[in-house]
Amino acid sequence: MDAFYASVELLRYPQLKELPVVIGGGRRREDDALAAAYGGRLADIPVHAFPLLNDYVGRGVITTATYQARAFGVGSAMGMMKAAKLCPQAILLPVDFARYRQFSRQFKAIITSIAPQMEDRGVDEVYIDFTHVDGGQNDHGRSLALRLQSEIYAATGLTCSVGVAPNKQLAKMASEFNKPNGVSIVLENDLQSMIWPLACRKINGVGPKADAKLQALGITTLGDLAAKELHWLVEHFGRSYGAWLHASCWGLDSRPVVTESEPVSMSRETTFDRDLHAVRDRAELGAIFTELCESVAADLQRKGYVGRTIGIKLRFTDFRIATRDHSLPLYTSDARAIRHAAGQCLKRAPLEQRLRLLGVRVGNLLPQEQAAAQGMVGDAPAIKAAEMRAHREGQERNADPYTLPLFTDE
């Protein structure tokens, strides 16, 4: 979908179309006051009445932005104070995830009514297998892509960009070629003319570090990458990643469209209104930390999953990120067990700098019934007992995992 969150907001604020708009942060008092002042008639609010990004003060980050705001260098996950320096005239709107999920379900239902083989890749992105859909191969898939666009727009008022290609990797790249509301088709014989001139970062899976290493080796485009032998890439990037780079630049991807999949992890995180210190703000951090753990536990229980790997995420004042994980002997969705294990992760994290973000993640998930059938589910006391048994048997790695965590006065 094209600038999905922003596009959904523009449906109720049509007066903001073609303007730089940023979506970020929770709903504020001024947002409610503005809506109330016009009796809930959101489309009647004059443009000059909306809050501007330049006036924002806080620690929030941008969730998304319209293409007009992106032209100024504003992007997702950027701090709003930083974005205000780039585009101070941007209009600031709060996020409304419930509304976005509603539209997400709606456009996906339209897709599956036409092409049932759909892989859900998040709130605004899917992969679709056209192979066995009536007319799916006509015009190399263009006719079906245009039909999907037309029906989604008629039902939701939203536009989407479609990439059609022999596999998921190429289709993902093609979907970026002609935004917004475009259809791009990449065939096998288009590799040299359409794919190889692109920067290596255009491959979904080449991050900043890998790109920097590629550039240091004189590789800036996918054509440069394709010119390298497989053994050379393996030598410089390792067996797995080197082989993947070689396959990707040659347009090779055997991954099927997966219509059903289990979640890999569940997490909760929060960005603080002000930087917090692990010692001086211990009580406040402790309360936030506990709430995050309880929220993740509630998510797991509501969706019927348990996890075995507990992790934390810290973002410091200089925007560096640190993560730590701790594996449990049993699967769990118990808030207290998650809290203890996450606290143990904190003991291995650098906490000299102030924190601007804290997150808790539970990974290595299984459906609760499956784990229970294996006798592998436990709450905090059961996990502690299992770890104590492992300790007595000499199988404990280093330390008692139930030493009291940081951020607590227990």
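Trainee: Which side chain does Arg 28 meet in a salt bridge?

Mentor: Keep in mind that this is a predicted model. Side chains of opposite charge can pair when their charged atoms come close. Here the N to O distance is 3.4 Å, and both residues of the pair are buried. The partner of Arg 28 is Asp 31.

Trainee: And Asp 32, is that one buried, partly exposed or exposed?

Mentor: Asp 32 has a salt bridge with Arg 27, at 2.6 Å from N to O. Arg 27 has a relative accessible area of 45%, so it counts as partly exposed. For Asp 32 the value is 41%, and the class runs from 20% to 50%, so Asp 32 is partly exposed.

Trainee: What is the relative accessible area of Asp 318?

Mentor: Look at its salt bridge first: the side chains of Asp 318 and Arg 320 meet at 3.0 Å, N to O. Arg 320 is partly exposed, with a relative accessible area of 40%. Asp 318 is partly exposed too, and its relative accessible area is 40%.

Trainee: Which residues do salt bridges that share partners join into one network?

Mentor: Shared partners are what links separate salt bridges into a network here. The network has two arginines, one aspartate and one glutamate. Its members are Arg 274, Asp 281, Glu 284 and Arg 354.

Trainee: How many salt bridges does the structure hold?

Mentor: The charged side chains are there for it: 49 positive and 47 negative. The centres of those two sets lie 4 Å apart. As for salt bridges, the structure holds 20.

Trainee: Let's go to Thr 64. Which side chain joins that of Thr 64 in a polar contact of 3.1 Å?

Mentor: Thr 64 sits in strand E2, residues 62–65. With a relative accessible area of 6%, Thr 64 falls under the 20% limit, so it is buried. Leaving out residues up to four places away in sequence, Thr 64 touches Tyr 5, Ala 6, Val 22, Ile 23, Arg 70 and Ser 76. The one whose side chain makes that polar contact is Arg 70.

Trainee: How far apart in space are Phe 72 and Gly 135, C-alpha to C-alpha?

Mentor: Phe 72 lies in the loop between helix H3 (67–70) and helix H4 (80–86), and it is partly exposed at 39% relative accessibility. Beyond its neighbours within four places in sequence, Phe 72 contacts Leu 86, Cys 87 and Gln 89. Gly 135 isn't in that list; it is 63 residues away in sequence, and the distance in space is 41 Å.

Trainee: Which peptide bond is cis, with omega about -5°?

Mentor: Look in the loop between helix H7 (168–174) and strand E7 (183–185), where Pro 180 is found. Asn 181 is in that loop as well, with a positive phi near 60° despite not being a glycine. At 42% relative accessibility, Asn 181 is partly exposed. The cis bond joins Lys 179 and Pro 180.

Trainee: What is the phi of Glu 18?

Mentor: Glu 18 is in the loop between helix H1 (4–12) and strand E1 (21–24). At 65% relative accessibility it is over the 50% limit, so it counts as exposed. Glu 18 is not a glycine, yet its phi is positive, at about 70°.

Trainee: Which helices are included in what covers the buried residues of H12?

Mentor: H12 spans residues 239–249, and its buried residues are Gly 242, Leu 245, Ala 247, Ser 248 and Cys 249. Just after H12, Gly 251 takes a positive phi of about 70°. The cover over those buried residues includes H7, H8 (191–195), H10 (222–226) and H11 (230–237).

Trainee: Zooming out, what percentage of the residues in the protein is buried?

Mentor: The protein has 16 helices and 12 strands, and its C-alpha atoms fill a box of roughly 65 × 65 × 45 Å along the principal axes. Of the contacts with a separation of 6 or more, 67% are between residues 24 or more positions apart. The accessible surface is about 21100 Å², with 50% of that belonging to carbon and sulfur atoms. Out of 410 residues, the buried share is 45%.

Note on methods. Residues numbered from 1 in each chain as written. Predicted model: local features only at pLDDT ≥ 70, side-chain atom pairs only at ≥ 80, totals over all residues. Heavy atoms only, no water. Helix = DSSP H or I, 4+ residues; strand = E, 2+ residues; numbered from the N terminus. Buried < 20%, exposed > 50% of the residue type's maximum accessible area, 1.4 Å probe, protein only. Polar contact = N/O pair within 3.5 Å; in protein donor to acceptor, adjacent residues only side chain to side chain. Contact = heavy atoms within 4.5 Å. Salt bridge = Lys/Arg side-chain N within 4 Å of Asp/Glu carboxyl O. Areas by Shrake-Rupley, 256 points an atom, 1.4 Å probe, with all protein chains shown as cover. Lys, Arg positive; Asp, Glu negative; His and termini not counted. Charge placed at Lys NZ, Arg CZ, Asp CG, Glu CD.
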